[in-house]
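The report that follows goes through the chains in turn, with attention to strand order, packing and aromatic contacts. It is meant to be read alongside the coordinates.

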Amino acid sequence: MNPVRLRYRILLIGLLPCIAAVIYFSGQRFDSSLIDFKTEAGREAPVSAIASPPSVEQSLIVQTSQEIAGFRQLGQARHYTKENLYEHVNGHAEYFISAGFAGLTVTEYITSGSGTTQAEIQTEIFDMGKSIQAFGVLADESGENAAPVSVGAMGFKTSGGISFIKGRYYVKITAYSPEAPVLKFAKGFADTLSPEKGSFQVFSKFPNLGKIERTRFVKESYRGLDFLHNVIEREYSASDKKIKVALVTGSGQEMKSLLSSFLDYFRKYAIPYQKLEKSGKEVYRVMDKYEGTWFLIPAHDTMYSVFGTDDEGILKYF
Amino acid sequence: MKRRDFIKAATLATAAVAVPSLRAETVEGTPSVKSYREIGQTGLKMSDISFGTGKLSASSMILRAVDSGINYFDTAPDYGQAEKTIGEAMVKLRRDKIIIASKFCTPVPYPGHLPLGTKKKDYIAAVEGSLSRMRTDYLDFCFVHAIGEMSKDLEAEKKRLLDGEMLDAVSELKKAGKIRFLATSSHGPTNMEELLMTAVISGHFDMIMASFNFMKFPSLPNVMKEAHKRKVGVIAMKTLAGAKDMDIGSKEQEFSHAAFKWVLKHPEVSGLVVTMKTVSDIELYLKASGAKFTAADKEVLDRYVRLYDREYCRTGCGECETSCAAGVEIASVMRYRMYFRDYGMEKRAMESYASLKKNAAACSGCENPVCIGSCPYGLPVKDMLCDAHDSLSFMA
């Protein structure tokens, strides 16, 4: 047996009475910091590329009209916050909250002059905090082959009615009766929502390049890039060619960080690029084997990526 | 320059630029396919790790994959915009260098499988739709997809599998050079092994694709052996067993690699198909190509089993299906829950869930939850169903 180890053992055995005495005289104390009893509400929100929505207190309760297109409001509007949203959407609350939900206003309508107490149409106005977040929810819920209708922005038919966005609001209108003139009602209802409460300004950031073929929202990993999330892509037709403009918005710091991620990516995969200066702005021309030549155009609160053309003439549109 | 002039000039400029051909030139150290295996007796060899397009984000992903040596692409009309996106890539690819597999489906939110009773002309139209979207003249494989999913009735699904209208359509499509081989796939939820065995012994199918991973299935090896004997190709899917914890491995032993190597150690398997969502996925997954399954890999998988054995629903098992008096489509609900929670395919999962005839809406108030205890693997079925409904339902 190793004599050194034996010495240590004897020393430790000798210390045992001392340890026991300390515990006996000082007692066992509960350290509350060992257990975290904080509720979920008290925890910090996870870091996300989408900025936090305004708090429930700050969000405005949407005032709905009493009379719309031959219908009148039945009873009072019901308002929901993050805390009780589950009472209304039963299960889908987490999805809305993670997408930026700030508040929900639900109203019901019946035909004007009707004495019924059964709602014929229900409206749900989800305040998503930001217009891009409202757009994200709409993109998720509309599916790939949604039938468009001209209501609000990007309205589409659902199995029971019509959904659309207006500003930061995602609106669902559900008709309980197939005879209800839901399209007429939806148009009237959309008109009552004030665009001042957050018009969808992000669309105005897109250049006017021609006929718009489609606009879509990509929540994560745009074009397979791990660092590129919450992208709005607009496709333009140019004769038989397509030009796609991808747009990301955020704070100046977020855009700097995004540019840095792009440059790291170019270096890692040996993707050649040139730094150009156009009208005092920094622009990157990227010679990508897989995407073709494309442009990366950073701005203070916006990052554009332009695919489908290698003509620098396009830069003057940004 | 006016807008219209710009568009015209841009078009001409773009058209004039010759598309550079894809070469096998990759950045040093970038992983690539190391092994190709024959698919039955088709004469085709596929990359052992191949590309599932369930969440295809851009045509450039296809081009990157091809450059990395991947040559087999699994798609379907009901995988969102996947076929159109492949079509965008197709103009830059040599068609004879890649293998395209699609399904007898319509382009509606998943599942868009053609049901029993579909006419021959509609089978043909479905394939022609796929060809048009992918800008190609032919499919290498066309699948009777997800057999065992449309009905719990074994005989009904057997009829769909061997439907005369479908076989007539295949014959005509083959003659026209629009499809080369017929295949079928299954991830259950019911009768997976029996239906795949039926396909193998029928002589009509050149390849089967099954859910196959280290956590299941008792009878599947027999089906695979029979397929091998009859020279019917076998492709594996759902190989990550739910992919609940991709970080379970270590720096040296990546979980996905261990799971892939386990599948590929079976000589009957031609290759596996895995959804590749990002550039990093391609890089990560291909590191397992051609590699041997080791004792260290087994340790990683054993750890996964210890952690998730009672959380992972073996799609294709279906033992719980008969227990529910209300007829809840338990296994399908569980699979869509897996797509939502573990695969990050929220939208598709919610759309699919919405299309179920009997979803889990009533489970939370169920007074006779006989599903508890019905799972041979000990899963808390009722709790999982309630959780699935919470996650997957759009509205109350």
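## Chain B

Chain B has 14 helices and 10 strands, and the model in which it appears is a predicted one. Buried residues make up 58% of the 396 residues in this chain, and the accessible surface of chain B comes to about 16,100 Å², with carbon and sulfur atoms supplying 51% of it. Among the contacts in chain B with a separation of 6 or more, 76% are between residues 24 or more positions apart.

Two local details can be given for this chain. Ser332(B) belongs to helix α12 (residues 330-341) of chain B, and because its relative accessibility is 4%, under the 20% limit, Ser332(B) counts as buried. When neighbours within four places in sequence are left aside, Ser332(B) is in contact with Pro189(B) and Leu356(B). Elsewhere in chain B, the charged end of Lys103(B) sits over the ring of Phe143(B), at 5.4 Å from the ring centre.

## Chain A in outline

Chain A has six helices and 14 strands, and 44% of its 318 residues count as buried. Its accessible surface is about 16,900 Å², of which carbon and sulfur atoms account for 54%. Of the contacts in chain A between residues at least 6 apart in sequence, 57% join residues at least 24 apart.

## The sheet from β1 to β7

In chain A, seven strands form an open sheet with antiparallel pairing, in the order β1-β2-β3-β4-β7-β6-β5. The edge positions are taken by β1 (67-68) and β5 (153-157) of chain A, each of which has a single partner strand, so one side of each is left without a neighbour in the sheet. At the β1 edge, β1(A) pairs with strand β2 (residues 71-80) of chain A over two bridges in the antiparallel sense, and Ile68(A) has Phe71(A) in β2(A) as its bridge partner.

Helix α5(A) lies across β1, β2, β3, β4, β6 (161-166) and β7 (169-175) of chain A, and its direction is at about 20° to that of β6(A).

## The sheet from β8 to β14

A further open sheet of seven strands in chain A, again with antiparallel pairing, has the order β8-β9-β10-β14-β13-β12-β11. Here β8 (211-218) and β11 (273-278) of chain A stand at the edges, and because each has a single partner strand, one side of each lacks a neighbour in the sheet. Neighbouring strands of this sheet are turned against each other by 20° on average, with direction ignored.

Within the sheet, strand β12 (residues 281-288) of chain A is joined to strand β13 (residues 292-298) of chain A by five bridges, and the two run antiparallel; Tyr284(A) has Leu296(A) in β13(A) as its bridge partner. Helix α4 (residues 131-142) of chain A packs on this sheet, where it touches β8, β9 (231-238) and β10 (241-249) of chain A, with its direction at about 90° to that of β8(A).

## Aromatic pairs

Over all chains, the structure holds 27 aromatic pairs. One of them joins Phe101(A) and Phe126(A), which meet edge-to-face at 6.3 Å centre to centre with 65° between the planes. This pair links distant parts of the chain, since Phe101(A) is in the loop between α3 (93-98) and β3 (103-111) of chain A and Phe126(A) is in strand β4 (residues 121-127) of chain A, 25 residues apart. Phe101(A) is buried, with a relative accessible area of 0%, and Phe126(A) also counts as buried at 0% relative accessibility.

Tyr109(A) and Phe185(A) form another edge-to-face pair, at 5.1 Å centre to centre and with 65° between the planes. Tyr109(A) lies in strand β3 of chain A and Phe185(A) in helix α5 (residues 182-192) of chain A, so the pair ties together parts that are 76 residues apart in sequence. Tyr109(A) counts as buried at 0% relative accessibility, and Phe185(A) counts as buried at 0% relative accessibility too.

## Aromatic cluster and a charge over a ring

One aromatic cluster is formed by Tyr222(A), Phe227(A), Phe262(A), Tyr265(A), Phe266(A), Tyr269(A), Tyr273(A), Tyr284(A), Trp294(A) and Phe307(A). Tyr284(A), a member of this cluster, is the residue that has Leu296(A) as its bridge partner in β13(A). Phe307(A), also in the cluster, has the charged end of Arg223(A) over its ring, 3.8 Å from the ring centre.

Definitions and conventions:
Residues are numbered from 1 along each chain as its sequence is written. Chains are lettered from A and ligands numbered from 1 in the order in which they are written. This is a predicted model: local features need pLDDT of at least 70, side-chain atom pairs count only at pLDDT 80 or more; totals for chains, interfaces and linings use all residues. Side-chain values use heavy atoms; hydrogens and water are left out. Helices (H or I, at least four residues) and strands (E, at least two) are DSSP runs, numbered from the N terminus. Buried means under 20% relative accessible area, exposed over 50%, partly exposed in between (1.4 Å probe, protein chains only). Contact means heavy atoms within 4.5 Å. Accessible areas come from the Shrake-Rupley method with a 1.4 Å probe; for residues, only the protein chains shown count as cover. Two strands pair if DSSP finds at least two bridges between them. Axes are lines fitted to C-alpha atoms, for helices over the stretch in contact, and angles run from 0 to 180 degrees between N-to-C directions. Rings of Phe, Tyr and Trp (its six-membered ring) pair if their centres lie within 6.5 Å; planes under 30 degrees apart count as stacked, over 60 as edge-to-face and the rest as tilted. A charge sits over a ring if NZ of Lys or CZ of Arg is within 6 Å of the ring centre and within 35 degrees of the ring normal.
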